[in-house]
Amino acid sequence: MEQARSRSAEGFALRETPYAPARAARVPSQLPPGEEVRERGDTPGAARGEHIHSEPPVPPLEGARPVVQRSSVRRQVLDALRTALVAGELTPGEVYSAPALGEQFGVSATPVREAMQQLALEGAVEVVPNRGFRVVVRGARELAELAEIRALIEVPVMLRLVRTVPTERWAELRPLAEATVRAAASGCRATYTESDRAFHRAVLRLAGNEQLVRIAEDLHRRTQGVLVGAPGPAGRADLIADAAEHTALLDALAAQELPVAQSLVREHFAVAR
């Protein structure tokens, strides 16, 4: 605490306990443990928006320190950060610096900073000058508004597809709907959000409009923020109910039962996670 006060006096806000994301340990590696990935010309913390003093020591994770592959560092870090956000491992309202997170992934600050900047474009974090990135706090009202926008875009498309897509094409999506059920039963919110997004993406692609898919994907990510203080058991029950709506909706779409499909799809978006 005394160290944090002295560092804050220099103009840098440091957290008492550096973040140690559990998901970082799952980032794949093909490099020897302990070998850092440093990009040419990179000086940790030297970029605008973050201090250049050395970060406080980061508590070690279980097992060897993870090191990501050189060929897709930014993408792997971005995926890991998205997972940590959905799972609540990155706390809404907290500020995280790229160098400290880089230590957890075994990479330089550069790919972490680039990934955070992408998350800022997606509205998941915001830049805090001279400190790093703050995780955006999403309340129930904001999530409801985002879900409403999704419904305005996706519901008309789904109702149009029920009239034009043959039954066999809907049958091809059955494995994706069943995957959401299994993911929900596991209780892992991060796993569920990935399978949920895959199902909705596959449905919308039947419309043949990639711009629509991209816009819907962005909105979907924004609605999947974690509500602060949401209880675990209740959250799991909600995921199971949400997944069940996928299979019911798919049955109605395949049977071309327009009234049933319309009712299900509107109900689904009314409680979208």
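**Figure 1. Salt bridge between glutamate 210 and arginine 205.** In this predicted model, glutamate 210 is partly exposed, with a relative accessibility of 39%. Its salt-bridge partner is arginine 205, and the closest N and O atoms of the two side chains are 3.6 Å apart. Arginine 205 also counts as partly exposed, at 44% relative accessibility. By the distance rule applied here, the count for the model comes to 13 salt bridges.

**Figure 2. Salt bridge within helix H9 and the network that includes its two residues.** Arginine 221 and glutamate 217 pair through their side chains, with an N to O distance of 3.8 Å. Both residues belong to helix H9 (residues 210–223), where they lie four residues apart, about one turn of the helix. Glutamate 217 is buried, with a relative accessible area of 16%, whereas arginine 221 is partly exposed, at 23% relative accessibility. The cut-off for burial is under 20% relative accessible area. Salt bridges link Glu217 and Arg221 in a network with Glu194, Arg197 and Arg201.

**Figure 3. Salt bridge between glutamate 122 and arginine 82.** Side chains of opposite charge can pair when their charged atoms come close. Here the side chains of glutamate 122 and arginine 82 form a salt bridge, at 2.3 Å from N to O. Glutamate 122 is located in the loop between helix H4 (109–121) and strand E2 (125–128), and arginine 82 in helix H2 (residues 73–87), so the salt bridge ties together parts that are 40 residues apart in sequence. Both partners are withdrawn from the surface by the criterion used: glutamate 122 is buried, with a relative accessible area of 9%, and arginine 82 is buried, with a relative accessible area of 13%.

**Figure 4. Alanine 115 and its surroundings.** Alanine 115 is a residue of helix H4. Its relative accessible area is 0%, and alanine 115 therefore counts as buried. Apart from neighbours within four places in sequence, alanine 115 is in contact with Arg74, Val77, Leu78 and Leu81. Valine 77 is separated from alanine 115 by 38 residues in sequence, yet the two C-alpha atoms are 6.6 Å apart in space.

**Figure 5. Burial of helix H3.** Helix H3 (residues 98–105) is mostly covered, with seven of its eight residues buried. The buried residues are Ala98, Pro99, Ala100, Leu101, Gly102, Gln104 and Phe105. The elements that cover these buried residues include H2, strand E1 (95–96) and H4.

**Figure 6. Crossing of helices H5 and H8.** Two packed helices are described by the angle between their axes and the distance between the axes. For helix H5 (residues 140–164) and helix H8 (residues 189–205), the axes come within 10 Å and cross at roughly 55°. This angle makes H5 oblique to H8. The crossing of H5 past H8 is left-handed. H5 contributes Arg150, Glu154, Val157, Met158 and Leu161 to the contact, while H8 contributes His200, Val203 and Leu204. By class, the residues of this contact comprise five nonpolar, one polar and two charged.

**Figure 7. Methionine 158 in helix H5.** Methionine 158 is part of helix H5 and is buried, with a relative accessible area of 1%. When neighbours within four places in sequence are left aside, the contacts of methionine 158 are His200, Val203, Leu249, Leu253, Val265 and Phe269. Of these residues, His200 and Val203 are also among those through which H8 meets H5. Methionine 158 and valine 203 are 45 residues apart in sequence, and their C-alpha atoms are 7.7 Å apart in space.

**Figure 8. Overview of the protein from which the close-up views are taken.** The protein contains eleven helices and three strands. From the N terminus, the order of the elements is α-α-β-α-α-β-β-α-α-α-α-α-α-α. Of its 273 residues, 44% count as buried. Among contacts in the protein with a separation of 6 or more, 79% are between residues 24 or more positions apart.

Key
Residues are numbered from 1 along each chain as its sequence is written. This is a predicted model: local features need pLDDT of at least 70, side-chain atom pairs count only at pLDDT 80 or more; totals for chains, interfaces and linings use all residues. Side-chain values use heavy atoms; hydrogens and water are left out. Axes are lines fitted to C-alpha atoms, for helices over the stretch in contact, and angles run from 0 to 180 degrees between N-to-C directions. Helices (H or I, at least four residues) and strands (E, at least two) are DSSP runs, numbered from the N terminus. Angles under 35 degrees count as roughly parallel, over 145 as roughly antiparallel, 65 to 115 as roughly perpendicular and the rest as oblique. A crossing is left-handed if the near helix is turned anticlockwise from the far one by less than a right angle, and right-handed if clockwise. Contact means heavy atoms within 4.5 Å. Ala, Val, Leu, Ile, Met, Phe, Trp, Tyr, Cys and Pro count as nonpolar, Asp, Glu, Lys and Arg as charged, and the others, Gly among them, as polar. A salt bridge is a side-chain nitrogen of Lys or Arg within 4 Å of a carboxyl oxygen of Asp or Glu. Buried means under 20% relative accessible area, exposed over 50%, partly exposed in between (1.4 Å probe, protein chains only).
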